[in-house]
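Trainee: Can we go through the pockets in this model? I'd like to know how each label is earned.

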Amino acid sequence: MESNKTFTMIKPDAVANGHIGAILDKITKSGFKIVALKYTALSAQKAGEFYAVHAGRPFYNDLVTFMSSGPIVAAILEKDNAVADFRTLIGATDPSKAEPGTIRALFAKSIDANAVHGSDSDENAQIEGSFFFSAFEKF
Ligand code: CMP
């Protein structure tokens with residue numbers, strides 16, 4: 001299992017609020033290399049599949065509705081210790097608890113509209129990256 005890759009999405013709130021450029025700038029200036037990048041949108045069905053691990057949780061339906069409400073940016077990122085370092089860079093899931101200067105503290109409004117997703121393990125980084133990208137789209 002690779003420990004130098006993670007997967008991220010810039011969520012519909014951050015895209016709608018014009019933060020794509022600022023977030024990608026912060027990511028690359030923090031030492032992550034972009035391996036794959038895509039501007040796209042999730043249907044409700046695809047959002048449900050992506051977040052299937054959360055099916056049954058009370059926030060699942062709202063999560064699926066929100067994540068299919070507008071375009072997103074998907075990316076695979078490379079750096080030593082990528083999963084843990086990226087989670088530090090984005091901050092806590094609830095932006096009101098995120099450290100100052102983190103992406104969620106800077107750009108997120110609520111636990112639902114929390115600007116970015118970051119994989120929580122090497123295994124999920126691999127699964128989530130492959131959900132969006134083929135081998136021909138990774139460099
Ligand atoms: P993300 O890292 O994309 O993974 C699942 C998402 O569900 C999470 O960010 C939040 O945006 C959303 N969510 C809403 N409520 C909760 C909650 N109570 N716990 C975890 N995630 C939540």
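Mentor: Sure, starting with the second largest pocket: E2, K5, T6, F7, V35, I76, D122, A125, Q126, G129, S130 and K138 line it. β1 (5–10) and α7 are the elements that each give two or more residues to that lining. Bear in mind that the model is predicted, with local features needing pLDDT of at least 70, side-chain atom pairs 80 or more, and totals for chains, interfaces and linings using all residues. Numbering runs from 1 along each chain as its sequence is written, and side-chain values use heavy atoms, without hydrogens and water.

Trainee: What makes a residue part of a pocket's lining?

Mentor: On a 1 Å grid over the protein atoms alone, a pocket is an open set of points where a 1.4 Å probe fits, with protein on both sides within 12 Å along at least five of seven lines; a lining residue has an atom within 4 Å of a point. So E2 and K138, for instance, each have such an atom.

Trainee: How do you know where the ligand sits?

Mentor: Sitting in a pocket takes more than half of a molecule's atoms within 2 Å of its grid points. The ligand sits in the largest pocket, so it passes that test.

Trainee: Why is the pair between Y51 and the ligand called a polar contact?

Mentor: The term covers a pair of N or O atoms within 3.5 Å. A polar side-chain atom of Y51 lies 2.6 Å from a ligand oxygen atom, so the pair qualifies. R104 also qualifies, because its polar side-chain atom lies 3.4 Å from an oxygen atom of the ligand.

Terms used:
A polar contact is a pair of N or O atoms within 3.5 Å; within protein, one must be able to donate a hydrogen and the other to accept it, and residues adjacent in sequence count only if both atoms are side-chain atoms. Helices (H or I, at least four residues) and strands (E, at least two) are DSSP runs, numbered from the N terminus.
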